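Hi,

Here is the structure I said I would pass on. Have a look at it first, and then read my notes below.

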Amino acid sequence: MSLQMVTVGNNLALIQPGFSLMTFDGQVFFFGQKGWPKRSCPTGVFHFDIKHNNLKLKPTAFSKDSCYLPPLRYPATCTFKGSSESEKHQYIIHGGKTPNNELSDKIYVMSVLCKNSKKVTFRCTEKDLVGDVPEARYGHSIDVVYSRGRSIGVLFGGRSYIPSTQRTTEKWNSVADCLPHVFLVDFEFGCSTSYILPELQDGLSFHVSIARNDTIYILGGHSLANNIRPANLYRIRVDLPLGSPAVNCTVLPGGISVSSAILTQTNKDEFVIVGGYQLENQKRMVCNIVSFEDNKIEIREMETPDWTPDIKHSKTWFGSNMGNGAIFLGIPGDNKQALSEAFYFYILKCAEDDLNEDQKTLTNSQTSTEDPGDSTPFEDSEEFCFSAEANSFDGDDEFDTYNEDDEEDESETGYWITCCPTCDVDINTWVPFYSTELNKPAMIYCSHGDGHWVHAQCMDLAERTLIHLSEGSNKYYCKEHVEIARALQTPKRVLPLKKPPLKSLHKKGSGKILTPAKKSFLRRLFD
């Protein structure tokens with residue numbers, strides 16, 4: 001194992017807690033920025049490019065037939081091999097949080113449509129589900145199993161907000177474990193069925209899952225109800241005959257107690273578990289090898305990397321799997337020093353880049369993290385926070401550049417502001433009004449002048465209207481500036497009235513000549 005420090009610039013503010021990394025043909029892509037996508041990169045998906053130990057984010061594009069994809073944080077993601085050659089490698093995305101902290105229950109499928117030396121174009125489609133639809137959640141897992149020539153998705157675990165009937169202003173953002181149900185999701189027909197297995201008694205989140213053929217292994221995780229990290233090791237096997245699927249669960253010995261760990265694959269039958277927490281605020285510095293032989297799983301400790309003193313002494317660390325046995329790690333900088341960097345980044349290589357596409361087994365780990373400022377309770381694994389400040393866009397290369405000025409600074413715009421003379425949003429008495437605003441008031445951007453933020457509630461915007469404006473690129477003007485904006489609009493062009501020619505004033509065939517007085521009268525009449 002080798003540990004190499006990565007140099008980053010400034011203003012890498014897009015990378016925030018709960019992001020995901022996706023790997024297509026050896027290229028790594030970033031997904032899940034904290035704010036809504038901007039005009040300079042409306043997809044919110046970036047090429048996570050590291051060359052010569054320098055990190056850069058480069059915008060990507062979506063095809064015209066793609067659906068809108070919000071920048072979900074803490075989703076469950078996994079790879080899926082499609083039936084056609086053009087869809088050989090896809091990513092399934094389920095759940096997660098929007099920038100308004102609303103949880104999603106949607107399923108998206110991401111695939112590469114085309115790529116060239118300048119840009120990668122993705123296709124994103126949304127899958128509608130019927131049947132036992134899983135509730136909106138985050139910190140869960142989704143994997144794909146294959147049996148008898150068929151494939152199906154398996155969803156398990158996670159957290160969700162408490163029911164709306166139990167919510168109060170003080171407990172609006174409180175979360176609870178989802179029920180320990182196992183959901184089978186048919187991506188082709190959009191059907192979902194839930195199963196209750198007696199071996200799964202407690203809800204789990206931020207666990208590690210490994211899918212191999214028709215079997216999924218669940219390791220570790222955190223039970224929010226009991227506030228424990230049990231040494232779990234479950235084996236869930238799915239049989240897909242022509243009739244109804246058969247699902248069974250077996251509790252295996254030899255599990256580990258860990259949450260928010262990062263999983264990477266080093267060869268066909270071997271994986272490495274790095275990072276995570278064994279107790280709240282206590283990192284787990286031990287690394288484990290997970291190996292498979294004849295459908296048997298073995299977990300053993302391995303020699304740890306030569307951790308730097310900064311990594312050893314930091315209270316939190318964070319990261320994600322980059323594929324091919326590589327892990328992207330970060331630790332907070334020393335805030336006591338005036339010139340200290342906000343974060344330090346490393347690449348941990350657990351194996352050489354010798355994997356091919358056919359050798360890659362579907363893997364998934366819930367390395368979700370949270371910005372401490374976004375959550376009132378200090379939830380498990382969300383201490384595993386991912387945030388950075390770096391200038392990651394290079395305008396000298398051939399990629400389309402990202403305009404950093406297009407991003408708004410939340411520290412300046414803020415949510416607790418007086419947006420208009422009649423603004424009555426008070427941090428001390430504010431109660432959520434829309435379902436899209438859980439811990440911060442929903443806001444919309446007024447495009448007048450240099451622009452400014454206004455509360456959607458103060459502007460009497462319906463929630464449906466707010467969502468429509470957030471998804472589109474149309475300009476919006478608040479009540480104070482809408483009349484000014486209308487006045488500045490260019491008036492419509494009005495065609496001049498046609499004047500009859502002078503010769504028409506003479507009646508043809510009459511033989512009579514109009515007098516000068518009658519001509520003057522007729523001119524005044526037509527003018």
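Let me begin with a sheet. Five strands make up an open sheet, ordered E11-E17-E16-E13-E12, and its pairing is mixed. At the edges sit strand E11 (130-131) and strand E12 (141-147), each of which pairs on one side only. Bear in mind while you look around that this is a predicted model.

If you follow E12 to its partner, you reach strand E13 (residues 150-156): the two run antiparallel and are joined by seven bridges. For a spot to zoom in on, try Ile142, which stands opposite Leu155 in E13.

There is another sheet to look at. Here, five strands form an open sheet in the order E6-E10-E9-E8-E7, with mixed pairing. Its edge strands are strand E6 (61-62) and strand E7 (76-80), and each of these pairs on one side only. E7 pairs with strand E8 (residues 90-94) in the antiparallel sense, over five bridges. Within that pair, Thr77 is the residue standing opposite Ile93 in E8.

Now for the part with an annotation. Which residues does UniProt place under the feature "binding site"? The record, an unreviewed entry, gives Cys446, His452, Cys478 and His481. These four are spread over 36 residues of sequence, yet they cluster in space, with a largest C-alpha distance of 10.8 Å.

I went through the two cysteines one by one. Cys446 is in strand E32 (residues 443-446). Is Cys446 buried or exposed? Its relative accessibility is 0%, so Cys446 counts as buried. Setting aside neighbours within four places in sequence, Cys446 is in contact with Gly451, His452, Tyr476, Tyr477, Cys478 and His481. That list includes His452, Cys478 and His481, which also appear in the UniProt feature.

Cys478, by contrast, is placed in a loop, the one between helix H3 (463-471) and helix H4 (482-487). With a relative accessibility of 2%, Cys478 counts as buried, because the cut-off for buried is under 20%. What does Cys478 contact once its neighbours within four places in sequence are left aside? The answer is Cys446, His452, Val454 and Met459. So if you want one place to start, display Cys446 and Cys478 together: Cys478 is on the contact list of Cys446, and His452 is in contact with Cys446 as well as with Cys478.

Tell me what you think once you have had a look.

Cheers

Key. Residues numbered from 1 in each chain as written. Predicted model: local features only at pLDDT ≥ 70, side-chain atom pairs only at ≥ 80, totals over all residues. Heavy atoms only, no water. UniProt positions renumbered as here; feature names shortened; annotations may be inferred. Helix = DSSP H or I, 4+ residues; strand = E, 2+ residues; numbered from the N terminus. Buried < 20%, exposed > 50% of the residue type's maximum accessible area, 1.4 Å probe, protein only. Contact = heavy atoms within 4.5 Å. Pairing = 2+ DSSP bridges.
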